[in-house]
Amino acid sequence: MSAPEFPRPSTVDALPTPALLLENTRLERNIAAMARRYDTAGVALRPHVKTSKCWEVARRQLTAGAIGFTCSTPAEVDWLRERGVADLLWAHHPIGPRKVEFAVAAAARGGLTVTLDSPEGAAPLAAAAAAAGVVVPFVLEVNTGHARGGVEPELARERAAAMAAHSSLRLRGVLTHEGQLAGYVGDRPGLERAGREAGTLLSQVAGELRDAGHGIELVSVGSTPGATSAPFAGGVTEARPGTYVYFDANQVRLGSATLDDCALTVLATVISIQRPQRVIIDAGIKAMSSDTIAAAGSLGLVCDQEGRPLPEVTFADGNEEHGFLTGAGAAALRVGDLVRLVPNHACGTTNMWSGLYVVDGPAVTDRWAISARY
Ligand SMILES: Cc1ncc(COP(=O)(O)O)c(C=O)c1O
């Protein structure tokens with residue numbers, strides 16, 4: 001049996017809850033502001049599509065000047081390809097037989113660059129590409145402080161040489177994700193400094209690889225907190241922010257945005273109040289995701305139906321379909337009230353939903369699909 005089709009209500013207060021809402025004017029503003037920032041700086045914008053997974057959003061980013069997209073998963077790559085997006089960077093490692101097979105087939109069609117960070121990881125891909133008669137373009141991931149994937153900068157030259165020695169692989173550039181900037185809550189000047197340092201370090205590695213004879217054309221940084229710093233270090237050619245398209249509570253805490261920039265919210269209803277100052281809503285971790293990152297003791301910011309923050313109300317915890325609002329301000333809430341929740345991390349929240357409602361103030365203007373989820 002397929003899921004019930006909800007009628008499309010024309011106002012927010014008539015929506016079934018929980019519901020994912022996208023404030024269109026904020027979306028358009030966020031897209032335009034980021035595009036303008038790089039347009040004037042001569043840096044290409046390659047947004048990470050994992051934040052929205054929504055073609056209507058991606059289409060608007062392309063119209064505003066994005067050169068293509070960054071993807072995390074084969075499903076995202078396939079989905080954007082089917083829609084004719086020609087320039088994709090798969091910022092994840094093609095490790096394991098199925099991902100190797102996928103990368104070779106995608107590279108054979110053209111328009112995809114993959115990411116590698118070790119000769120061991122590169123070897124099966126190189127062998128499969130050689131057997132298929134394909135040359136796979138790749139970027140070398142470099143650690144500039146996040147210490148997730150990525151070679152240490154001082155090893156980049158040696159590792160790049162080992163990988164580029166395969167005639168079935170072509171080194172196009174270097175990539176970093178300056179995820180360490182999420183640790184700078186309350187220290188925006190420190191964050192800006194660290195972002196610029198990450199960009200500078202990546203540029204230096206690019207220079208060393210050029211000196212060693214590699215044709216480095218891509219120097220790619222990427223994050224929303226670093227969007228105002230890392231891409232502006234000399235020599236960086238492209239920026240890959242993702243979260244900026246919606247922003248979220250983490251980005252507010254990091255000083256990358258204000259609450260007024262946050263375009264994505266979850267609409268929920270107060271369903272039970274049996275104990276004082278412990279208000280139960282119909283949105284829990286299956287509506288929000290439980291990703292907290294920069295947040296302490298909260299699943300998101302609590303606002304009223306119009307999106308104004310509710311003072312002294314904390315989204316303290318959640319079960320799957322229940323959320324717990326606590327704090328002195330929760331006493332003012334009544335069963336049946338609507339609240340709007342700004343997620344801590346918009347990308348995790350998006351992945352919980354198959355569609356969102358587009359809103360303009362109280363009016364619901366459209367419903368858009370969310371694609372390529374797990
Ligand atoms: C490789 C890579 N590039 C770009 C981004 C985008 O960063 P943000 O979500 O801060 O915009 C991410 C985020 O996780 C990432 O992992």
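How far does a polar side-chain atom of Arg 148 lie from an oxygen atom of the ligand? In this predicted model, the separation is 2.9 Å. That contact is a good place to start a tour of the binding site.

Thr 224 takes part as well: one of its polar side-chain atoms lies 2.6 Å from a ligand oxygen. Lys 50 offers a further contact, with an N or O atom of its side chain placed 3.2 Å from an oxygen atom of the ligand. On its own, the ligand has 390 Å² of accessible area, and the protein covers 88% of that area. The ligand is found in the largest pocket.

A look at the surroundings fills in the picture. There are 13 residues around the ligand, and those that come nearest are Arg 148, Thr 224, Arg 240, Gly 242 and Thr 243. Arg 148 and Thr 224 thus appear again here, having already been met through their polar side-chain atoms. Sorted by class, the shell around the ligand consists of seven polar residues, three charged residues and three nonpolar residues.

The cysteines come next. How many disulfides does a search of the whole structure find? The count is zero. Cys 54 illustrates this, being in no disulfide, and its nearest cysteine sulfur belongs to Cys 347, 13 Å away. Cys 54 is also buried, as its relative accessible area is 0%.

Why does Cys 303 not form a bond with the closest cysteine sulfur? The partner in question is Cys 262, and the two sulfur atoms are 8.5 Å apart, which is too far for a bond. A disulfide would need the pair of sulfur atoms to be within 2.5 Å. Like Cys 54, which is buried, Cys 303 is buried, here with a relative accessible area of 2%.

Note on methods:
Residues are numbered from 1 along each chain as its sequence is written. This is a predicted model: local features need pLDDT of at least 70, side-chain atom pairs count only at pLDDT 80 or more; totals for chains, interfaces and linings use all residues. Side-chain values use heavy atoms; hydrogens and water are left out. A residue is near a molecule or strand if one of its heavy atoms lies within 4 Å of it. A polar contact is a pair of N or O atoms within 3.5 Å; within protein, one must be able to donate a hydrogen and the other to accept it, and residues adjacent in sequence count only if both atoms are side-chain atoms. Accessible areas come from the Shrake-Rupley method with a 1.4 Å probe; for residues, only the protein chains shown count as cover. On a 1 Å grid over the protein atoms alone, a cavity is a set of points where a 1.4 Å probe fits but cannot get out, and a pocket is an open set with protein on both sides within 12 Å along at least five of seven lines; lining residues have an atom within 4 Å of a point. A molecule sits in a cavity or pocket if more than half of its atoms lie within 2 Å of its grid points. Ala, Val, Leu, Ile, Met, Phe, Trp, Tyr, Cys and Pro count as nonpolar, Asp, Glu, Lys and Arg as charged, and the others, Gly among them, as polar. Buried means under 20% relative accessible area, exposed over 50%, partly exposed in between (1.4 Å probe, protein chains only).
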